[in-house]
Amino acid sequence: MGYSPAGKRWTAIIAVALLCIAFLPGPISAHAAADETTCQFADSIKELEALRTDYYGDPAFRIRTELAIRKKILFGIIDCAVDETRTLKDKVDEVPADNGSIAPIRTRFLSMLDSALQYYADARSRVDTLGIGGSKDLAREIRTWRTNTYTPTATQALNFLVWAKNQELFAAGNDRLADIQAAIRALKLTEDEKARALLEESVLSLKSANEENDRVRTELDQFPPPPNTLDAIQRSLEKLSHTYELFFSLSELAQKLIPLGEKK
């Protein structure tokens with residue numbers, strides 16, 4: 001998909017920066033920010049810590065400088081978070097809306113990500129009005145909101161992207177079964193006990209895979225904890241993979257059962 005690795009880096013970088021700006025003085029471990037050109041906060045955070053621990057000059061200058069650094073970091077954090085959200089929204093927006101089961105879920109996630117962008121816009125508009133205490137409070141607020149609201153939403157949106165892409169696999173599996181059933185009926189292979197048993201097992205296996213796939217769609221509608229949805233996606237793919245293994249076994253058996261004169 002192209003989103004997930006960068007999204008994870010940004011989430012970690014933003015979390016570290018928010019923690020530092022909200023709770024300084026304290027240890028700094030924001031070196032990971034240097035790896036992401038869009039979200040570099042390490043130097044500013046170190047500058048802030050140095051000012052707080054090593055500067056003994058004019059107190060008024062120190063307060064003004066500290067506030068300016070804090071605002072710079074907050075602006076950077078919010079802008080980085082906006083880039084993160086827009087990237088994810090673009091990926092969701094790329095999902096075709098012509099599938100009836102996908103379209104409403106896609107619309108819902110787009111709306112939720114728009115709400116996230118509005119939250120960041122509102123937060124950014126407050127930065128210039130804040131003092132040092134207010135900047136700390138805003139950093140804590142954003143950190144809490146990301147933990148409780150944005151991160152679950154973004155994770156579930158990523159699950160949606162995976163699930164939406166998987167629908168091509170399930171459609172192909174259903175088409176493949178229909179072709180196999182038609183071929184077996186035409187060749188009268190159901191008269192063979194093993195072929196008949198394999199076909200019945202294939203039908204049941206694909207039915208189970210489809211049911212698990214439908215369960216994912218329901219979970220995306222109901223918005224349970226994202227790990228539950230990811231587990232359901234994995235189960236659906238495992239069952240679909242087993243179905244294809246049965247298709248392969250059935251194909252091999254059919255090749256043995258078809259009289260030589262009927263093989264092409």
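In which kind of crossing does helix 3 pass helix 4, left-handed or right-handed? Let's look for ourselves.

Before you click, note that this is a predicted model, where local features need pLDDT of at least 70, side-chain atom pairs count only at pLDDT 80 or more, and totals for chains, interfaces and linings use all residues. Residues are numbered from 1 along each chain as its sequence is written, and side-chain values use heavy atoms, with hydrogens and water left out.

Start with the whole protein chain in cartoon view: you'll find seven helices and zero strands. Helices here are DSSP runs of H or I with at least four residues, strands are runs of E with at least two, and both are numbered from the N terminus.

Next, select residues 59-93 (helix 3) and 103-127 (helix 4): their axes come within 10 Å and cross at roughly 165°. The axes are lines fitted to C-alpha atoms over the stretch in contact, and angles run from 0 to 180 degrees between N-to-C directions. Helix 3 and helix 4 are therefore roughly antiparallel (angles over 145 degrees; under 35 would be roughly parallel). And the opening puzzle? Helix 3 passes helix 4 in a left-handed crossing, meaning the near helix is turned anticlockwise from the far one by less than a right angle.

Now keep helix 4 and add residues 193-222, helix 6: these axes come within 10 Å and cross at roughly 30°, so the two helices are roughly parallel. Show side chains for I105, R108 and F109 of helix 4, and R217, L220, D221 and Q222 of helix 6, which make the contact (heavy atoms within 4.5 Å).

Terms used:
Parallel < 35°, antiparallel > 145°, perpendicular 65-115°, else oblique.
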